[in-house]
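Reader: I have a sequence and a structure to look at, and I would like to learn how to read the surroundings of a ligand. Could we go through them step by step?

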Amino acid sequence: MTILHVEEQAILTSEDVVRVRQAVRARAVQSGFSLVDQTKLVTAASELARNALEHGGGGSVRLELINDGVRRAVRLTFHDTGPGIADIQQALKDGFTTGGGLGLGLGGAKRLSNEFDISSTPGQGTRVTIARWR
Ligand SMILES: Nc1ncnc2c1ncn2[C@@H]1O[C@H](COP(=O)(O)OP(=O)(O)OP(=O)(O)O)[C@@H](O)[C@H]1O
Ligand SMILES: [Mg+2]
């Protein structure tokens, strides 16, 4: 697997969430994603960026363009050093929220991605990696 491009963005304000959306869209376009696939990836990224900001107290995202020799993907790794998630299975269920949201973000991001990996340690933070292949 080859990493063609890497960039890192902070997620500390709602303007940063907008910038993450724009950067993800640009990389999806560069990778030749259809408009529908661009929108799926941008929507997933937006939910995870908002979670890092609202539940994680801010964090960052690493954007990578990767190639497995046949196909390209955009891979995104969101990281925060917030309170973490005690029960990941519960957090992934539609409708579960500890805030005022709808509780659809995390499960939605998983459904919109081809790969989804989450790890979280209570008191230490949360890391979510998604990838969408072209
Ligand atoms: N980065 C994070 N740090 C800590 N807790 C998180 C994080 N991301 C998600 N969670 C927990 O998982 C729950 C579910 O997340 P999810 O995104 O599905 O819903 P939500 O953010 O509450 O509402 P919305 O539908 O607006 O996204 C959150 O309410 C929160 O308790
Ligand atoms: Mg959310």
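Author: Let us begin with the helices, keeping in mind that this is a predicted model. Two helices, α2 (35–54) and α4 (105–111), each supply at least two residues of the shell around ligand 1.

Reader: Which helix gives the most to the shell around ligand 1?

Author: That is α2, which contributes three residues. The shell as a whole has 20 residues, and the closest to ligand 1 are N51, H55, T97, T98 and L104.

Reader: How do the residues of the shell divide into nonpolar, polar and charged?

Author: One sorts each residue by its type, and here the shell divides into six nonpolar, eleven polar and three charged residues.

Reader: Which side chains have an N or O atom that can be paired with an oxygen atom of ligand 1?

Author: For this step one looks for pairs of N or O atoms within 3.5 Å. An oxygen atom of ligand 1 lies 2.7 Å from such an atom in the side chain of H55, and an oxygen atom of the ligand is 3.4 Å from one in the side chain of E47. The backbone takes part as well, since a polar backbone atom of L102 is 3.3 Å from an oxygen atom of ligand 1.

Reader: How much of the accessible area of ligand 1 does the protein cover?

Author: On its own, ligand 1 has 590 Å² of accessible area, and the protein covers 93% of this. As for its location, ligand 1 sits in the largest pocket.

Reader: What does the side chain of T129 make a polar contact with?

Author: T129, which is found in strand β5 (residues 125–133), makes a side-chain polar contact with the side chain of T77 at 3.3 Å.

Technical notes:
Residues numbered from 1 in each chain as written. Chains lettered and ligands numbered in written order. Predicted model: local features only at pLDDT ≥ 70, side-chain atom pairs only at ≥ 80, totals over all residues. Heavy atoms only, no water. Near = heavy atom within 4 Å. Polar contact = N/O pair within 3.5 Å; in protein donor to acceptor, adjacent residues only side chain to side chain. Areas by Shrake-Rupley, 256 points an atom, 1.4 Å probe, with all protein chains shown as cover. 1 Å grid on protein atoms, 1.4 Å probe; cavity = no way out; pocket = protein on both sides within 12 Å on 5 of 7 lines; lining within 4 Å. Sits in = over half its atoms within 2 Å of the grid points. Helix = DSSP H or I, 4+ residues; strand = E, 2+ residues; numbered from the N terminus. Nonpolar A, V, L, I, M, F, W, Y, C, P; charged D, E, K, R; others polar.
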